[in-house]
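Here is a protein chain to explore by question and answer. Look over the sequence and the model before you read on.

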Amino acid sequence: MSLALAMLIDRWLGEPPPALHPVVWMGCYLGWIGKTLPEKRPAAAFILGMLAWLAGAALVAVAYGCAQALVARCPQWLVVLATALLLKPLFALRMLLAEVGAVEHALGESLAHGRSRLRRIVSRDTTRLDAGEVRESALESLAENLSDSVVAPLFWFALFGLPGAAVYRFANTADAMWGYHGRWEWAGKFAARADDLLNLIPARITALALSLTARRPGQVLRRLPTEAARTPSPNSGWPMAALALSLGVRLRKPGVYALNEQGASPSATDAAAALRRCELIAWLLAAVLAALLTATTHPLFGIKHD
């Protein structure tokens with residue numbers, strides 16, 4: 001019940017204000033402690049980066065573990081409501097759909113507007129992208145973040161409750177802030193590998209769900225491992241390749257990879273279809289996880305998990 005209610009809260013209200021957003025707090029911690037990490041001593045940077053990550057993850061786990069324990073003492077209706085309110089900031093379906101949809105809307109106005117809006121959701125240089133590449137980049141972000149920002153936190157919530165979802169969200173935020181080359185090249189290596197590990201299963205679940213939306217899912221599933229391996233990431237290639245194959249379109253990062261290279265460049269119609277499919281998949285997977293959680297609270301199993 002809590003998971004389903006959290007999905008509804010996301011749909012109705014979206015994100016909480018930044019001052020009240022726990023992911024913003026995680027980012028503040030990472031930014032603050034990241035400034036203290038060395039840049040030019042690889043061994044020291046790696047060790048201190050790992051310790052800073054572990055300290056932050058432990059703090060998040062304890063905070064959400066205590067919150068979950070306190071909530072568990074309340075009446076059942078309050079347990080459901082409070083758990084949903086605590087879970088909601090740890091995933092972001094409505095914002096994801098809105099941001100990708102805004103890129104498509106801006107692209108309809110002009111290429112310059114499309115490029116500008118795309119910069120809000122991707123880290124690559126957008127100044128030289130043509131209209132097709134802008135749309136491809138937006139769809140790649142949609143597929144990748146469906147896994148990272150929606151499926152993964154709900155998956156870890158289903159396994160380990162609020163602490164599981166919160167630690168995952170911390171790991172994903174740390175990877176986004178530290179896991180790139182630059183001043184945190186070595187300090188962020190542990191964060192990047194932790195995020196890879198935590199996304200291993202959710203990325204493949206997302207890819208499987210996207211594949212099943214194709215007209216010929218069997219054909220998509222046969223090609224999926226080969227296409228996913230074309231990207232340098234061990235995880236993001238799976239949902240991106242699944243979306244490309246299921247829509248029958250090409251998705252590229254210029255000079256790096258091309259997924260379903262023989263496919264057509266995606267159109268505005270393809271973008272609209274991708275948004276509908278990703279929203280449907282998010283709700284269906286949430287329903288499946290909610291049903292599994294409900295089943296495990298049955299007296300037969302003897303497990304309590306709200």
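Q: What share of the contacts in the protein chain with a separation of 6 or more joins residues 24 or more positions apart?
A: This is a predicted model, where local features need pLDDT of at least 70, side-chain atom pairs count only at pLDDT 80 or more, and totals for chains, interfaces and linings use all residues. Residues are numbered from 1 along each chain as its sequence is written, and side-chain values use heavy atoms, without hydrogens and water. Contact means heavy atoms within 4.5 Å. For residues 24 or more positions apart, the share is 68%.

Q: Why is the protein chain called as compact as a globular protein of its length?
A: The radius of gyration is taken over C-alpha atoms, and the globule rule is 2.2 Å times the number of residues to the power 0.38. For 306 residues the rule gives 19 Å. The chain counts as that compact because its own value is close to this, at 20 Å.

Q: How are helix 3 and helix 7 oriented to each other?
A: Helices here are DSSP runs (H or I, at least four residues). Helix 3 covers residues 42-71, helix 7 covers residues 131-178, and they pack at about 150°. Angles over 145 degrees count as roughly antiparallel, so the pair is roughly antiparallel.

Q: How many charged residues are in the contact of helix 3 with helix 7?
A: Helix 3 brings residues including G49, W53 and Y64, and helix 7 brings residues including P163, F170 and W178. Asp, Glu, Lys and Arg count as charged. The contact has 14 nonpolar residues and five polar ones, and the number of charged residues is zero: no charged residues.

Terms used
Axes fitted to C-alpha atoms, helices over the stretch in contact; angles between N-to-C directions. Helix = DSSP H or I, 4+ residues; strand = E, 2+ residues; numbered from the N terminus. Parallel < 35°, antiparallel > 145°, perpendicular 65-115°, else oblique.
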